Amino acid sequence: MSDSTTTATSPVSPIPSSVSARASIQRFGRFLSGMVMPNIGAFIVWGIIAACFIPPGWFPNATLARLVGPMITYLLPLLIGYTGGQMVHGQRGAVIGAVVTMGAVVGADVPMFIGAMTAGPFAAWVLQRFDKLIEGRVPTGFEMLVNNFSLGFIGVLLALGALLVVGPFMTNVSRIFAAGVQYIVEHNMLPLANVFIEPGKILFLNNAINHGILSPIGISESQVQGKSILFMLESNPGPGLGILLAYSLVGKGLAKNSARGAAIIHFFGGIHEIYFPYVLMKPRLILAAVVGGVSGTFTFSLLHAGLVAAPSPGSIFSFLALAPRGDLVPVVTGIFTATIMSFVVAAGLLRFGPLASSDDNLEAARQKLPELKGAPLASAAAATAIVSALTTRPVNKIVFACDAGMGSSAMGAAVLRQKLKDVGSLIMVTNAAIDDLPADADLVITHQSLTERARLKLPAAEHLSIQDFFKNPVYDELVQRFSHETAARLRTTV
């Protein structure tokens, strides 16, 4: 089997076309969600303010509710456009991305989230092309003048174009999407969306589906109706919880013993990726996830449940915090309906089918995660070589990084932190979004597909690529190395 852990400079074996296509979709999905997820905190601020102070809210207050409109109309789209531009062309891209997004906002009659996700990156790409065109041709001393005025003139043209073209066009697109969603809701067809959403989650398209598609439409719907069911389609923790509970009761071996802890992390922490290996171990459990998702969405639809903003992470606490007044019972009912239905189906499939019960099966399932992310698998032997290839400079801070700085990177940081703590190492281990990498990080650990972005963000740090954040042989190699270094330092001190 090929290597599961690799440095950013290691050659990668050819990837099958099916995996390559899936990886391309995932990269596009990560790009879309990468514009939204760093700004999730601002969306939650807006959601809480809306939930509390709008007329149907918990504490209606006309004065405080004045924040709701400007935030959703201007602040949130500008943040998305700024972030999208930054992802393409750094700070200059961020500035022109926000400027051109403003044109789309002014030219539209609906919140311009989809427009921002288009205008921001496109404006940054145009500026990037111009900067490369004039690179090395600007007379010495005129660099700042050319940089500022080029951004200014290009920004003016693109902002006017966004106002006259992008804004009206995206308004019509949003209305078409909204009408389609409304049709689906009115004809009780929305639960069928989970037939596609649940398998997509297992293929790590969860962020693309939730933050790239459902959330922008849901926010527009929430502005009109005060809530949206779309925020709950992908983020419902019920389907995953039911599968983990089924494993904890009728599973065997390591799968059963680990499922209880995984259920706690999944349901309360909102890290849904933790249940994916349990489904991969028994692929037919996708049926349980689909049944749970469909039944949960049907319940939400039947009870007219909704949230005021996207719950991220998909924790029960996020759902409770973002449920509008009067919707707590419908929201909780939908979650537990999904849990019960998923549990019943999963328990039946595990109980009466040939259960792969050895500990190795869960490990094999975990190793399928890199394949689904478009990366090769790995071996413990490769980990030794990779860690040996790192420089010998002192490491005081290790940062796990991903798009949002939560989810799988948080899990990886927790695993390595505990391992280092067990051997008495004082090295700090934390996690962060790639765009927020701290300057004092000595070693940055990322998924292979994100390493180059991390290198560009923090070139002075050591970078290590992995494909499995949950359990990776490179962790043990790092612990061994750092434990030896700690001992050597103690001997030197003495």
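Helices in this report are DSSP runs of at least four residues, numbered from the N terminus. The model described here is predicted.

## The loop between H11 and H12

His-304 lies in the loop between H11 and H12. The phi angle of His-304 is near 55 degrees, a positive value in a residue other than glycine. The relative accessible area of His-304 is 58%, so the residue is classed as exposed.

## Helix H13

Helix H13 comprises 25 residues, 328–352, and at 1.5 Å a residue it should span 36 Å; the C-alpha atoms at its ends are 36 Å apart, which agrees with that expectation. The buried residues in H13 are Pro-330, Val-331, Gly-334, Ile-335, Ala-338, Thr-339, Ser-342, Ala-346, Ala-347 and Leu-350.

Val-331 also has a place in the largest nonpolar core, which has 66 residues. Together with Ile-80, Met-232, Ile-243, Tyr-247 and Leu-307, Val-331 is among the residues that touch the most other members of this core. Not counting residues up to four places away in sequence, Val-331 touches Met-232, Phe-300, Ala-305, Gly-306, Leu-307, Phe-319 and Ala-323. A second core, separate from this one, has 17 residues, including Ile-398, Leu-443, Val-474 and Leu-478.

## Aromatic pairs

The count of aromatic pairs comes to 6. In one of them, the ring centres of Phe-267 and Phe-336 are 6.1 Å apart and the planes stand at 65 degrees; the pair is therefore edge-to-face, as planes over 60 degrees apart are counted that way. This pair links distant parts of the chain, with Phe-267 in helix H9 (residues 253–269) and Phe-336 in helix H13, 69 residues apart. Phe-267 has a relative accessibility of 7% and so counts as buried, whereas Phe-336, with a relative accessible area of 38%, is partly exposed.

The rings of Phe-268 and Phe-317 have centres 5.7 Å apart and planes at 35 degrees, so this pair is tilted. Phe-268 lies in helix H9 and Phe-317 in helix H12 (residues 316–322); the pair therefore ties together parts that are 49 residues apart in sequence. Phe-268 counts as partly exposed, at 41% relative accessibility, and Phe-317 is exposed, with a relative accessible area of 53%. Ring pairs link Phe-267, Phe-268, Phe-317 and Phe-336 into a cluster.

## Buried residues in helices H4, H6 and H11

The following table lists three residues with their helices and relative accessible areas.

| Residue | Helix | Relative accessible area |
|---|---|---|
| Glu-198 | H6 (residues 194–202) | 1%, buried |
| Val-290 | H11 (residues 286–302) | 14%, buried |
| Gln-128 | H4 (residues 113–134) | 16%, buried |

Leaving aside neighbours within four places in sequence, Glu-198 is in contact with Leu-233, Pro-239, Tyr-275, Ala-289, Val-290 and Gly-293. On the same basis, Val-290 is in contact with Asn-194, Val-195, Glu-198 and Pro-199. The C-alpha atoms of Val-290 and Pro-191 are separated by 9.7 Å, although these residues are 99 residues apart along the chain.

For Gln-128, the contacts beyond its neighbours within four places in sequence are with Val-88 and His-89. The C-alpha atoms of Gln-128 and Arg-92 are separated by 8.6 Å, and these two residues are 36 residues apart along the chain.

## The parallel sheet

Strands of a sheet pair through backbone hydrogen bonds, in either a parallel or an antiparallel sense. In this model, an open sheet of 4 strands has the order E2-E1-E3-E4, with parallel pairing. Strand E2 (428–433) and strand E4 (462–466) are the edge strands, each pairing on one side only. From one strand to the next, the twist averages 25 degrees.

Strand E3 (residues 443–447) pairs with E4 in the parallel sense over 5 bridges. Thr-446 stands opposite Ser-465 in E4.

Key. Residues numbered from 1 in each chain as written. Predicted model: local features only at pLDDT ≥ 70, side-chain atom pairs only at ≥ 80, totals over all residues. Heavy atoms only, no water. Helix = DSSP H or I, 4+ residues; strand = E, 2+ residues; numbered from the N terminus. Expected span 1.5 Å × (residues − 1). Buried < 20%, exposed > 50% of the residue type's maximum accessible area, 1.4 Å probe, protein only. Phe/Tyr/Trp six-rings, centres within 6.5 Å; stacked < 30°, edge-to-face > 60°. Core = buried A, V, L, I, M, F, W, Y, C linked by side-chain atoms within 4.5 Å. Contact = heavy atoms within 4.5 Å. Pairing = 2+ DSSP bridges. Axes fitted to C-alpha atoms, helices over the stretch in contact; angles between N-to-C directions.
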